[in-house]
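Here is a short round of questions and answers on one structure. Each answer reasons its way to a value or a name.

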Amino acid sequence: MSVSTQPLPCHHIVRVVAIGTSIVTARHLFADGFHYPLLMLLAHVSIALGLEVFGTRTDVSATTVQNRSHSWTSRAWQALFAVAVAVGLIFTYHSFLHNRNTTLCVMLLGLDWAAVLNRAARWLHQDKLRSIDIPLSVATFLLCIVLLLWKENWLVGKGIEFLLIAVVCMTIAKYLWLSGLVESPVSFGTINVDAYSAGLAVCLPLAVFLLAVTGWYNRRDFCMTGRVIWTLVSLTAGALSLVSETRMKKFTSLLQEKVPLNTRIDFDFGRPVFPLLVLAIVEGDNWLMEHRPSTTSGVQWLGFAIAYLTTIDITGLTSTVAFTGEGTSYIPIPGFKSQDEPADQMKSPTLEDTEAMYPPEFTCANEYSLLRYISLAWQASLGILAVLLVVYCAVLAPHIEPGRRSWDLDIVIAWYDEPIEQVVRTAQLALELPNIAGRKVRTIVYNKGSLNETELQLNFPIESSLVIRRLENVGREGDTYLSHVLDSEKVWASHTLFIQAEPHEPGYLQARLEDYFVQDTGFLSLSHVRNFCSSCDACNDHSGWTEDGTVLRDIFGRANPSKTCQDISLTYRGQFVVSSRRMKQANQELLRDLRSRLINDDHFGYTLERSWGTLFQCPTISERCPTLLSGWIGNRVAVEDCQCLDRES
């Protein structure tokens with residue numbers, strides 16, 4: 001018995017592979033020090049637009065373009081659509097740079113937000129009795145989004161902001177398309193441009209403007225050495241992932257004409273499966289190329305699964321209306337053109353088309369129809385699962401409590417001309433914590449400014465003794481800290497908190513102290529802890545800082561003679577806790593050399609700021625450690641995952 005074959009839907013396969021490869025290459029380039037997402041986007045968009053123009057010229061149907069008049073309202077919707085696509089792409093690329101957990105980015109961008117918004121809009125416009133399953137599905141979806149962010153250990157304010165803006169912009173673009181408000185092509189006199197390509201075109205000048213105002217050409221870390229292969233792969237995959245659906249089908253059909261590809265299995269999986277396949281590619285990269293498991297927790301995976309299932313129209317699967325999912329599109333590539341129509345006849349689905357894609361199960365004459373029961377049971381089951389997951393996270397999940405309380409503490413404050421009230425508030429950040437209150441605490445203020453020391457003494461909290469020492473104003477806070485280590489006659493408390501008079505993100509800092517400062521603390525960074533450097537020869541960060549590999553190898557080798565210079569965690573803001581044991585074990589000659597160089601080269605202070613962990617024999621912090629923001633909202637791990645401990649062997 002013979003089984004019929006059918007052409008393999010190569011456009012789906014190429015799209016998934018292109019998107020996944022584009023994301024993977026971007027993360028590798030960003031991790032390797034290429035911190036220019038706008039340049040990457042410019043290259044991808046330029047090539048994609050070139051392919052669109054080339055395809056249009058070779059398309060015979062393009063010669064039948066007919067000019068159609070558009071109302072000002074229609075043009076306004078088209079303009080909003082194009083701007084939403086352009087801004088969404090810009091923030092999507094930036095979100096992959098600033099969010100270390102690429103899996104979370106793919107999850108949030110891959111969910112069908114537009115379908116949820118479309119359901120809510122239809123429910124609000126219903127004149128008949130409204131069923132509860134739609135608001136229930138929306139509430140479940142939003143609850144799962146909260147879970148995804150709540151349990152994320154790598155939350156960074158800027159990264160999450162960029163990611164959410166990208167989601168909002170792409171959702172607006174998709175909703176406008178699905179609502180039938182966007183017509184394609186867009187006519188400018190005798191020129192006709194399809195709506196999606198117009199969005200790509202808008203992206204070009206906007207990205208160029210942002211590049212100009214950010215001054216990327218003045219940064220020292222722009223270098224293509226060792227990145228040529230990743231860059232070439234990125235250019236190819238990124239451009240293919242951005243071309244429209246119509247153009248993708250044309251290209252793959254030409255390929256199949258030359259190399260026929262048939263299958264006996266129906267691979268027409270449609271767009272709902274796209275995010276799952278892209279997630280699989282990203283996770284494969286986690287294990288095979290990144291040599292580490294995903295940092296995404298089991299709770300996040302379950303939350304994503306529930307949110308994903310809420311967007312599936314279960315009544316469409318069980319009714320006679322086929323569910324293909326072609327009306328939705330995967331971010332960051334809104335492949336809005338899924339019909340096999342000429343480019344000049346392309347138009348976003350009308351309201352009737354949308355109703356066909358999402359069956360109006362709630363307009364049935366029988367209020368208690370089978371479809372309504374199925375939909376309600378489906379959404380109720382997902383809602384119960386989401387609530388149980390929240391209960392587990394908030395109540396039942398075991399809390400890992402810090403170990404024994406810390407004992408005596410020195411608070412070393414680098415003071416220049418910050419207000420006296422600010423210096424007092426900084427000291428109180430630690431004094432009011434339960435794991436420090438009641439202990440013997442001494443505050444040592446190093447004054448490099450000209451403010452009244454007597455006034456500081458009069459206003460200082462009685463819970464701590466105060467010592468004020470004057471230093472010459474050189475070398476930023478790095479010179480202050482090195483002075484304390486080298487010149488204080490080794491009379492240290494069991495732990496020392498180094499901090500500037502006006503610390504960064506004091507609320508997050510305080511939460512990190514309360515959660516992880518224990519008696520065995522050896523080195524605890526109170527700033528962002530991120531493994532930027534795979535080795536001393538490839539060390540840089542998003543701010544544009546970089547340092548010669550020879551200098552870093554010298555610092556690392558002298559501070560950690562028995563370790564290999566790799567997986568280096570950078571410290572920031574000059575705020576950390578270190579034990580007296582590690583201060584005594586630090587290479588004193590190295591510290592003196594660094595102090596001398598710092599005095600002669602103020603720019604070296606940025607290198608020293610990032611090297612405190614390395615200097616105190618704690619060059620690597622586990623990737624399981626939550627960011628400051630994640631810790632502030634309650635995500636906690638074992639104390640050893642966020643610091644180096646002094647434990648007797």
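Q: How far apart are the sulfur atoms of the disulfide formed by Cys536 and Cys565?
A: The model is predicted. A pair of cysteine sulfur atoms counts as a disulfide within 2.5 Å. Cys536 and Cys565 form such a link. Their sulfur atoms are apart by 1.6 Å.

Q: Which parts of the chain does the pair Cys536 and Cys565 tie together, and how many residues apart are they?
A: Cys536 lies in the loop between strand S10 (530-535) and helix H20 (549-559). Cys565 lies in the loop between H20 and strand S11 (566-570). The pair therefore ties together parts whose separation in sequence is 29 residues.

Q: What is the handedness of the disulfide of Cys536 and Cys565?
A: Look at the torsion about the S-S bond, which is about 75°. Cys536 and Cys565 are both buried. The torsion sets the answer, so the disulfide is right-handed.

Q: Which cysteine forms a disulfide with Cys533?
A: The link has 75° about the S-S bond and is right-handed. Cys533 is buried, and so is its partner. With sulfur atoms 1.9 Å apart, the partner is Cys539.

Q: How many residues apart are Cys625 and Cys642?
A: A disulfide joins Cys625 to Cys642, S to S 2.1 Å. Cys625 sits in the loop between helix H24 (612-615) and helix H25 (628-632). Cys642 sits in the loop between H25 and S13. The pair links distant parts of the chain, and the separation is 17 residues.

Q: Is Cys642 buried or exposed?
A: The cut-off for buried is under 20% relative accessible area. Its disulfide partner Cys625 has 2% and is buried. Cys642 has 1% relative accessibility, so Cys642 counts as buried.

Q: What pattern do the disulfides of the chain follow?
A: A search of the whole structure finds 4 disulfides. Count the bonded cysteines along the chain. The pattern is then 1-3, 2-4, 5-8, 6-7.

Q: Which strands are the edge strands of the open sheet?
A: The sheet has 7 strands in the order S7-S6-S5-S8-S12-S9-S13, with mixed pairing. An edge strand here pairs on one side only. That gives strand S7 (465-470) and strand S13 (644-645).

Q: What is the bridge partner of Leu524 in S12?
A: Strand S9 (residues 521-525) and strand S12 (residues 576-579) run antiparallel. They are joined by 3 bridges. In S12, the partner of Leu524 is Val577.

Q: How far apart are the end C-alpha atoms of helix H1?
A: Helix H1 covers residues 10-31, which is 22 residues. At 1.5 Å a residue, H1 should span 32 Å. The value found agrees with that: 31 Å.

Q: How many of the 22 residues of H1 are buried?
A: H1 is largely enclosed by the rest of the structure. Just after H1, Gly33 takes a positive phi of about 105°. The enclosure follows from the number of buried residues in H1, so the count is 17.

Q: What accessible area does the nonpolar patch on the surface have together?
A: The patch is formed by Trp77, Leu80, Val168 and Ile172. Helix H3 (72-98) and helix H7 (157-178) each supply at least two of its residues. Ile172, found in H7, is partly exposed at 35% relative accessible area. Together the four residues have about 320 Å².

Note on methods:
Residues are numbered from 1 along each chain as its sequence is written. This is a predicted model: local features need pLDDT of at least 70, side-chain atom pairs count only at pLDDT 80 or more; totals for chains, interfaces and linings use all residues. Side-chain values use heavy atoms; hydrogens and water are left out. Helices (H or I, at least four residues) and strands (E, at least two) are DSSP runs, numbered from the N terminus. The expected span of a helix is 1.5 Å times one less than its number of residues. Buried means under 20% relative accessible area, exposed over 50%, partly exposed in between (1.4 Å probe, protein chains only). Patches are made of residues with over 30% relative accessible area and no salt bridge: like charges are joined within 9 Å, nonpolar side chains (Val, Leu, Ile, Met, Phe, Trp, Tyr) within 5 Å. Accessible areas come from the Shrake-Rupley method with a 1.4 Å probe; for residues, only the protein chains shown count as cover. A salt bridge is a side-chain nitrogen of Lys or Arg within 4 Å of a carboxyl oxygen of Asp or Glu. Two strands pair if DSSP finds at least two bridges between them.
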